[in-house]
Amino acid sequence: MLTVITGRGKSGKTRLLLEAVKACPATAMASRIVLVPEQLSHETERLLSELCGDAISYTAEVLSFTRLCDRVFARCGGGARPILDQGGRILTARLALDGIRPQLKVFGAAAGKPEFLGSMVSMVDELKSYGISTEDLSSAAQSTTGMFSEKLSELALILGAYEAATAQGARDPRDRLSLLRKKLLSGDYARGKHFFVDGFTDFSGQELRVLEALLRTGVNLTVTLPASMGDDGLFVPGQETLGQLIH
C-alpha cells in the first residue's frame with residue numbers, strides 16, 4: 001500500500017512520517033526502514049532517536065539508496081563483484097570504443113579524442129540514471145529519421161559495448177540500483193517491512209523502479225513530498241513525482 005504525505009516546506013511532513021514510524025508495529029529486527037538522501041541520514045537518525053527513544057534502533061533503520069543496496073546484497077547476494085571507480089570507467093569506455101569504432105560514422109571522429117571518453121561516461125551516467133536501455137535507444141532511432149536517427153543508433157551501440165565490457169569484469173556503479181530492483185523482486189528482504197521515504201523532491205528513473213519493486217512485493221510504503229494539491233504552480237517537481245508514484 002502506498003501512502004503519500006504532501007505539504008509545503010517546514011509544514012511538519014518529516015515529523016508526521018517519524019510519528020508513523022513510531023506507531024508502526026515492530027514485527028522483527030529492522031522491520032521499519034526509513035529511506036532518505038545520503039546527506040540527511042545522520043539528522044534523520046537523530047530525530048528518530050529523539051522522538052522514539054534509543055530502543056528504536058533495534059527495529060528501525062535509517063538508510064540511503066546506497067546503504068539499502070549494501071543491506072540487500074549482503075542478504076540476497078550480488079555484492080561480491082568489485083565496483084569501477086572513475087578511472088576504471090574511463091578505461092572501460094576506451095576498451096568499449098576500440099571494439100566498435102569502425103562502425104561509428106557520426107561519432108567516429110570524436111571517438112578518437114581523449115575528452116570524448118569523459119563525455120561517454122557522463123552519457124552512460126545519465127542514460128542509466130533514467131533507466132534507458134540499448135533497446136530503448138534503438139527503438140527511438142527506428143521511430144525517427146535522418147541524422148538524429150543515426151545518432152541514437154550509435155548511442156545504442158556505444159552503450160551496448162560499454163555494458164558488454166562491464167559484464168566481463170567490475171560492475172559500473174550505476175548498475176547497483178538496477179540490481180537492487182531485481183534482488184528485491186526475487187528475494188525476501190522486503191518481506192514484513194514497512195518503508196518510509198523522506199527528504200526527496202524527486203527520484204531518478206532507477207530510484208522510481210526500486211520504489212515500484214517495493215510496492216510489487218506488497219510492502220507498505222509511506223512517502224513525503226513537497227507538493228501542493230492546488231493550482232498555484234509551486235512545488236512542480238514534487239507534484240510531478242506525486243503523479244509518477246500514483247501511476
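In this predicted model, Arg32 stands opposite Ala60 of β3. The strands β2 and β3 pair in the parallel sense, over four bridges. They belong to an open sheet of five strands with the order β1-β5-β4-β2-β3 and parallel pairing. At its edges are β1 (2-6) and β3 (60-63), each of which pairs on one side only. Between neighbouring strands of the sheet the turn averages 15°, with direction ignored.

Helix α3 lies across β2, β3 and β4, and runs at about 125° to β3.

The largest nonpolar core has 30 residues. Within this core, Leu180, Leu184, Phe195, Phe203 and Leu211 have the most contacts. At least two core residues come from each of β2 (32-35), α3 (65-76), α9 (176-186), β4 (194-197), α10 (205-216), β5 (220-225) and α11 (236-246). For Leu184, when neighbours within four places in sequence are left aside, the contacts are Val72, Tyr189, Ala190, Val210, Ala213, Leu214 and Thr217. Another core, of 23 residues, lies apart from the largest one; Phe107, Val124, Ile158 and Leu159 are among its members.

Ile158 and Leu159 also appear among the buried residues of helix α8, together with Ser149, Leu152, Glu154, Ala156, Ala161, Tyr162, Ala165 and Thr166. The buried residues of α8 pack against α4 (86-100), α6 (114-129) and α7 (134-142). Helix α8 covers residues 146-167, which is 22 residues. At 1.5 Å a residue these should span 32 Å, and the end C-alpha atoms are 32 Å apart, so the expected span and the distance in the model agree.

Technical notes
Residues are numbered from 1 along each chain as its sequence is written. This is a predicted model: local features need pLDDT of at least 70, side-chain atom pairs count only at pLDDT 80 or more; totals for chains, interfaces and linings use all residues. Side-chain values use heavy atoms; hydrogens and water are left out. The expected span of a helix is 1.5 Å times one less than its number of residues. Buried means under 20% relative accessible area, exposed over 50%, partly exposed in between (1.4 Å probe, protein chains only). Contact means heavy atoms within 4.5 Å. A nonpolar core is a set of buried Ala, Val, Leu, Ile, Met, Phe, Trp, Tyr and Cys residues joined through side-chain atoms within 4.5 Å. Two strands pair if DSSP finds at least two bridges between them. Axes are lines fitted to C-alpha atoms, for helices over the stretch in contact, and angles run from 0 to 180 degrees between N-to-C directions.
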